[in-house]
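Work through these short exercises with the structure open beside you. Try each task before reading its solution.

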Amino acid sequence: MAKVNGGRKAKLPPRTVTLFEQCYAATVERLAFVAFIRLAEIGVHFDLLALADAAADAEKVAAGGTDHAYAMAVRGVWEFGAALYERIGDDAGRQRCKKGALGQILAQRDKAHSPAAAGHMVLEALQAMRGIDGLESQEVELEAELRRLQKAALKDMAPYKIEFDFSDGHRFTEELYANLPFSKAMIQFAFLSDSRSREELRAEALQSLKDFPLSGMFAGVHLDHEGKPIARSAGAGLGDDPPETWFLQKIEQAEHLRRIELNGAYIDKARVLINATRLISAHHFHPIVAQCPFIPPSHGVLMAHGFARYFQGDFMSALHILVPQLEPCLRHILKLNGLDPAKRFDDGTEEDMHLGNLLNFMREPLDQIMDPATVYEIERLFDARPGLRLRHHIAHGQIGAGGCFSHDAGYACWFIYRLCVLFVAEVWDEKIAPALEAEFA
């Protein structure tokens, strides 16, 4: 072990230096993986070890591990060595250590007890391959293996069933809509529910952590229909407030159940009742979209057709028409309030902000124009990850035909209708109701 003169070492008592050298030498000799990393970190920090010597020792310790050694501990030493070699600019050493770490990841894969665990290790291996030269063919093989394992993992997942009884909600909705004029029914439809505030939802999430602390402590991985991980949420941990991804995951769990109940018991029942007594078509929504400042004039016909398809039960068309219109509507209402929802680039070009940027950079004015609870629900329904991310999934064709008929999709269509009605509620009786009733005079 080479020594480093001067620096922090000079301030340490000789007895301390001697004790460190003895302990460090023992960890190298006995291949004490975890203890070696800790002592090497101390040695480098206090100038008791040269970086190059610590890196060489790390490579020696990691290479001495047998097939029976704990793979994660050996991997940690390899990764520690790679980091040290990177600090001294030795790329060859860094690559050797990264390959050693990759080997331990693949060893963990071979010992995995399930396709999900094996798939996780293959994904880790693919991540570890970044920055290692000459592994292109192995990377292709691992990518194919990853897809196979992800699909196999889906078969191992056990579904669970939650029974919902919508009968009381159906009776309530039937009584509410029994004798309502068409114009009253259409505005009542928009107010079947309200958006819940961020504070209320977070308080409920924290209460669930108090009630079920163990389940809230674990991190989560969110998969798509093919088993690919599309989002990760952190665990709650101990003591400090949970991270934002934990809140989003817990809130989405609760709100998903609420949307099922609202859509199944009230919203969809009301839609069926309205459509059953009147032959709904796009022109019935023209008075609404024409008066609504939320909707750009150039998009009014699109919105009217989207609402008509929704009321008619054509959810595939409704979802794919209405969801993409949310962004231009948000940009339009910001422009009406004197704001410029555009991004400018260094080369002098510009582009309209997409939904994520609107929610990030225009959040305060949107909260003032609408209200914070409504804007927070827009974020959770259409953009947040983990969450539904309907805007992303619609834009990239990731929702199949069956998904268009889910309660979440139905609720999203209703929510966009509600947004538009909120902007014309004050003039409804004066400007919109007469035009709607005239259709059935």
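The exercises below cover a helix pair and some loop residues.

The model is predicted: local features need pLDDT of at least 70, side-chain atom pairs count only at pLDDT 80 or more, and totals for chains, interfaces and linings use all residues. Residues are numbered from 1 along each chain as its sequence is written, and side-chain values use heavy atoms, with hydrogens and water left out.

**Exercise 1.** Describe how helices H15 and H21 cross.

Solution. Step one: find H15 at residues 315-322 and H21 at residues 407-422. Helices here are DSSP runs (H or I, at least four residues), numbered from the N terminus. Step two: take the axes, which are lines fitted to C-alpha atoms over the stretch in contact, with angles from 0 to 180 degrees between N-to-C directions. They come within 10 Å and cross at roughly 50 degrees. That makes H15 oblique to H21 (under 35 degrees is roughly parallel, over 145 roughly antiparallel, 65 to 115 roughly perpendicular, the rest oblique).

**Exercise 2.** Which residues of H15 and H21 meet?

Solution. Contact means heavy atoms within 4.5 Å. From H15 come Ala-318, Leu-319 and Leu-322. From H21 come Ala-409, Cys-413 and Ile-416.

**Exercise 3.** Is Leu-31 buried, partly exposed or exposed? Do the same for Arg-389.

Solution. Start with the cut-offs: buried is under 20% relative accessible area, exposed over 50%, partly exposed in between (1.4 Å probe, protein chains only). Leu-31 has 29%, so it counts as partly exposed. Arg-389 has 18%, so it is buried. Now check phi: Leu-31 is near 55 degrees, and Arg-389 is near 50 degrees.

Terms used: Helices (H or I, at least four residues) and strands (E, at least two) are DSSP runs, numbered from the N terminus.
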